Amino acid sequence: LGSAPPLQLAHKYFQLRPDELSPLWGNPCDDVRHRRIWSKSKWCGTLPKVLVIGPQKTGSTALYTFLAMHPALAPNLPSPTTYEELQFFNNNNYLKGLDWYLEYFPPGPGNSSRLTFEKSATYFDGELVPRRAHALLPNAKIIAILISPSKRAYSWYQHIRSHGDPAANNYSFHTVITANDSAPKPLRDLRNRCLNPGKYAHYLERWLLEFSPHQLLTLDGAQLRADPALAMDAVQKFLKLEHRDYRQLLKYDAKKGFFCQAVSKEKTKCLGKSKGRVYPPMEERSAKFLKRYYTPHNTALSKLLVRLGRPAPQWLKDDLSSAG
Ligand code: A3P
């Protein structure tokens, strides 16, 4: 081996170690030898301490916005293409390297004393994400937000439809969720993207292979929506933050139908139109189908929560009790 030219040698090496074909970034600050050769003009102390991992359509933007209101927390700078989401660990941005990620967490006044965080809702079910996230951020606190998977699937369908997805516009929600494996590929793909993230226990188990239970909070997204101050109490406790009373910071906006940031006595600042959309209720037959479809997954989640010593959210009890 030692006598082969570099390219052949590399080829041989990756044949022997195919798992090393894609990089796995670690934190240069965590290794003295790496820190010694890390350029003086670079930093690593501001890497996120908290990751909100989604899944999509569970209220992740609301949580991101509420977290950013806390003086002890510092969000990432926005991305020009994906707005508040960096989507580093789950797609090609990862291959852009650590420098790319770090640019969104610049050192600056306040950032050294504040906990940096980011939220990318596609992290939850991204296959490589837990491993990559753990390699770089082994001590991070992870927050997953869970709502009834049926509701999540319907919200996701409405979301993708309003983005003009041709497949979503061609097929009704019921057609999407009931598509079988002989359906056309675009329909099957849509079905999978719609239904799979709701198999919560499966994905949480993958996160738990990397992170210990005390690093993971499963936040009740229904509570975040209906009583965000109570949900934020739980988040602050989990992150060991100095307590802020979100009852003072948030106000229910009757026009929006959601809690929004209280800007002044009369004024509120709500999330944009794409959050809290207005659409017709789910058809009864779809609701029935999904309840049955998710029963094994919800049962697995229920067992997982028992194992972790955590209470089951009300939506989970409801979904399981009325499953038939
Ligand atoms: P809908 O638009 O289907 O109602 P995400 O940010 O993860 O994409 O989630 C979007 C969902 O967040 C919305 O789905 C909405 O129900 C929910 N949500 C929870 N709290 C909210 C709030 N305070 N303002 C707006 N949407 C909120």
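This passage describes the disulfides of a predicted model and the strand sheet in which one of the bonded cysteines lies.

Two disulfides were identified in the predicted model. When the bonded cysteines of the chain are numbered in sequence order, the pairing is 1-2, 3-4.

One disulfide is formed by C29 and C44, with the sulfur atoms 2.0 Å apart. The two cysteines are placed in loops: C29 in the loop between α1 (6–16) and α2 (32–37), and C44 in the loop between α2 and β1 (50–54). The pair therefore ties together parts that are 15 residues apart in sequence. The torsion about the S-S bond of C29 and C44 is about 85°, so this disulfide is right-handed. The two ends of the link fall into separate accessibility classes. C29 has a relative accessibility of 21% and counts as partly exposed, because the buried class is limited to values under 20%. C44, with a relative accessible area of 6%, is buried.

The other disulfide joins C260 to C270, with an S to S distance of 2.1 Å. The angle about this S-S bond is 100°, and the link of C260 and C270 is right-handed. C260 belongs to strand β7 (residues 258–262), whereas C270 is found in the loop between β8 (268–269) and α14 (284–308). The two cysteines are ten residues apart, and the pair is one that links distant parts of the chain. C260 is buried, at a relative accessible area of 2%. C270, at 28% relative accessibility, counts as partly exposed.

Strand β7, which holds C260, is part of an open sheet of three strands. The strand order is β6-β7-β8, and the pairing is antiparallel. β6 (250–253) and β8 stand at the edges of the sheet. Each of these edge strands has a single partner strand, so one side of each is left without a neighbour in the sheet. Between β7 and β8, the antiparallel pairing runs over two bridges. A262 stands opposite T268, a residue of β8. In general, the strands of a sheet pair through backbone hydrogen bonds, in either a parallel or an antiparallel sense.

A further cysteine, C194, was also examined for accessibility. C194 has a relative accessible area of 0% and is buried.

Notes. Residues are numbered from 1 along each chain as its sequence is written. This is a predicted model: local features need pLDDT of at least 70, side-chain atom pairs count only at pLDDT 80 or more; totals for chains, interfaces and linings use all residues. Side-chain values use heavy atoms; hydrogens and water are left out. A disulfide is a pair of cysteine sulfur atoms within 2.5 Å. Helices (H or I, at least four residues) and strands (E, at least two) are DSSP runs, numbered from the N terminus. Buried means under 20% relative accessible area, exposed over 50%, partly exposed in between (1.4 Å probe, protein chains only). Two strands pair if DSSP finds at least two bridges between them.
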